[in-house]
Amino acid sequence: MFQRKEYNVPLYVVASILFGIKTYIVYRFLFNIELDNFLQEVILFINPFVSAFFVFAISVWLKKQNQMKFIRYTTLIGSLILYFNLVFYRNFTDFLTIPVLFQGSNAADLGTSALALIHIPDILLFCDLAVIWYLSKKYDGELSVSYEKRKRALTLSLAIAFLLGNYILAEIERPQLLQRTFDREYLVKNIGIFNYHIYDIAQQSRSQAQRVFADGNQLPEIVEYVKGDTVNQDENNLFGVAEDKNVIFISLESVQSFVINNTLHGEEITPFLNDLIDDSYYFENFYHQTEQGKTSDSEFLVENGMYPLPSGAVYFTHGQNKYNATPEILGEEGYTSAVFHANNESFWNRDVMYENIGIDHFYDVESYQVTDENKVGWGLKDKDFFEQSIKYLQALEEPYYTRFITLTNHYPFDLAEEDATIAKFDSNSKTLNQYFQTVRYTDEAVENFFEQLKIAGEYEDSIIVLMGDHYGISDFHNKAMAQYLEKDEITAYDQVQLQRVPMYIHIPGEGGKVISNIAGQIDVKPTLLNLLGIDNSGDINFGTDLFSADKKEFVALRDGSFVSDDYIYTKDQCFDRETGELISIDSSGLLNNEEDEANNVCTPIKEKVQTELSYSDEIIYGDLFRFYDFNNPE
Ligand code: GP9
Ligand code: MN
């Protein structure tokens, strides 16, 4: 016994190794983290051990009898954090953030899709926990340590030195990693998921503080920027064409542009939406600009002409801010506003946000008859949803401003056999294979809805806008996507192009046109207000009218990628928009010298994009509209 003890490796070291191995396996094989070079491989490998050692080494400062308990519970908490991230990642290809965590109610609503994200072999991910738990109980006397003060300090210094080493490597790989706004994958890749969470908590606390300390002083600069951008209404010949008309806005869940006018097994995927192009304004280069708030982010963009936040859903984090949203503006013009969506009213904090931005009626799941026969996946099937909505629409006082949010084409894209009218795709991605069927279903549901609107007499006096809310197929399925699109691979350029979503403005009796200008969800608000003939020159938004000749030179995606007439910039790479050819790589994330800067045609636009995104964020973080009077703009 005495002999054995001398050779014992302390549990905090064992735990660091076991937990480190587990974390590495998750990073390397279960998350889909892109590794471009050897240094990234190295960082990804050492980080799990460094972080685990740092935390477990704290135990040497505890009394002997508390060390085992500390290690046990730390492993448990660490394992759960890692696992929750994994489940979340499987759905969103993203990592948890603090605001998303506080949307816990959403997780409960995930229903079937949550179950689809939990796999039985996941249980193996808790093996280290079982071993550590067992050792800590069984050998607690032998595996704990009683270091003298110097050795404790040494252990701590070692842990800090490792951490610093990791950070320096990360800094070499990604200069100014923490100062600049990178996407979450970069952070996790370089500093690990646990340090990333600490970083996220710090960020969130900062944004809370921002509101408290904000005053109106930042506003004049932003107002000036926005005004510089406003398009002269006289240049727009569609101003007022839909005056006093109703608005029926259909948010097409997860519909991406790549299915439009495309085929599968020789069949059109979306026959109705394809035909609808002929008598609508159809924007073929229209991008979604959403982030973690998904549908709610797209709603936010449409209602406010501002960007959603880089992390979390602005509907949640800043649902109580002051806004000057479309329903409020239209409310003052005598419009009644309503949203139809057969989900819980609290999902995405909609109940709070809708009330705040002046939406008069919210027909949520309570307004619908949902039975075992008419539901699938997330709830009521789209066809039943539209059918049951008509009576409420007819009862609304005119003119109305309404939004219908579809749901069937939502991950995991489940559909009953009898509702499928196109065969599945055949690839390694069940998700993509099924996607075509649910997209087709939504296409048919919208077709039926148009019929019902006509029968109900709601069609003639309305304009109908259809828009995809965000992507449905994440980059996790790129291999299958490449197979479908008959490409060798999906490049970073393709990835941006896949963020296009369909956008239609259908004005009965007005004809239509395919418009190729680059555009985004941010542009919907000024476009709609102009069509309705409402003066919005006093508004603060970052969009420009889709029909204006004088458009902004870029469409900013929320991660700082952008599309301009000539270029597409993403992940530090600048591409030719037409050809997809790579023009320049800024691999350090920074430009090295002036010459590079001159050569990099994307840089000046990238800077404008950053400025615009941060102006939008500043307004939201500081709740700056508190200090602005929209009725008497400066
Ligand atoms: C939930 C629905 C779908 O109510 O809007 O949400 P999503 O996951 O697409 O944001
Ligand atoms: Mn959605």
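Is Phe283 buried or exposed? At 1% relative accessibility, Phe283 is buried, where buried means under 20% relative accessible area, exposed over 50% and partly exposed in between, using a 1.4 Å probe on protein chains only. Before we look closer, note that this is a predicted model, in which local features need pLDDT of at least 70, side-chain atom pairs count only at pLDDT 80 or more, and totals for chains, interfaces and linings use all residues. Residues are numbered from 1 along each chain as its sequence is written, chains are lettered from A and ligands numbered from 1 in the order in which they are written, and side-chain values use heavy atoms, leaving out hydrogens and water.

**View 1. Phe283 sits in strand β4.** This strand covers residues 281–287; strands (E, at least two residues) and helices (H or I, at least four) are DSSP runs numbered from the N terminus. Follow the chain and you find Phe283 and Ile505 222 residues apart in sequence, yet their C-alpha atoms are 8.6 Å apart in space.

**View 2. Here is the manganese ion (ligand 2) with its protein donors.** Glu253 appears twice through OE, joined by Thr295 (OG1), Asp469 (OD) and His470 (NE2), at 2.1 to 2.5 Å from the ion. Donors are N, O and S atoms within 2.8 Å of the metal (3.2 Å for Na, K and Ca), and water is not among the atoms, so sites may look incomplete. Along the chain, the donors follow the spacing E-x41-T-x173-D-H. Glu253, in the loop between β1 (246–252) and β2 (263–264), and His470, in the loop between β10 (462–468) and α20 (478–485), link distant parts of the chain, 217 residues apart. Glu253 is buried at 1% relative accessible area, and His470 is buried at 2%.

**View 3. Now meet the second largest cavity, with about 70 Å³ of space.** Among its 13 lining residues, the closest to its centre are Ile522, Asp523, Lys551, Phe554 and Val555. A cavity is a set of points on a 1 Å grid over the protein atoms alone where a 1.4 Å probe fits but cannot get out, and lining residues have an atom within 4 Å of a point. Strand β13 (residues 554–556) gives the largest share of this lining, 3 residues.

**View 4. Stepping back, the protein is divided into domain 1 (5–210) and domain 2 (219–627).** These bounds come from an automatic or database domain assignment. The C-alpha centres of the two domains lie 36 Å apart.

Note on methods: 1 Å grid on protein atoms, 1.4 Å probe; cavity = no way out; pocket = protein on both sides within 12 Å on 5 of 7 lines; lining within 4 Å. Points joined across faces, edges and corners; volume = space filled by probe spheres on them.
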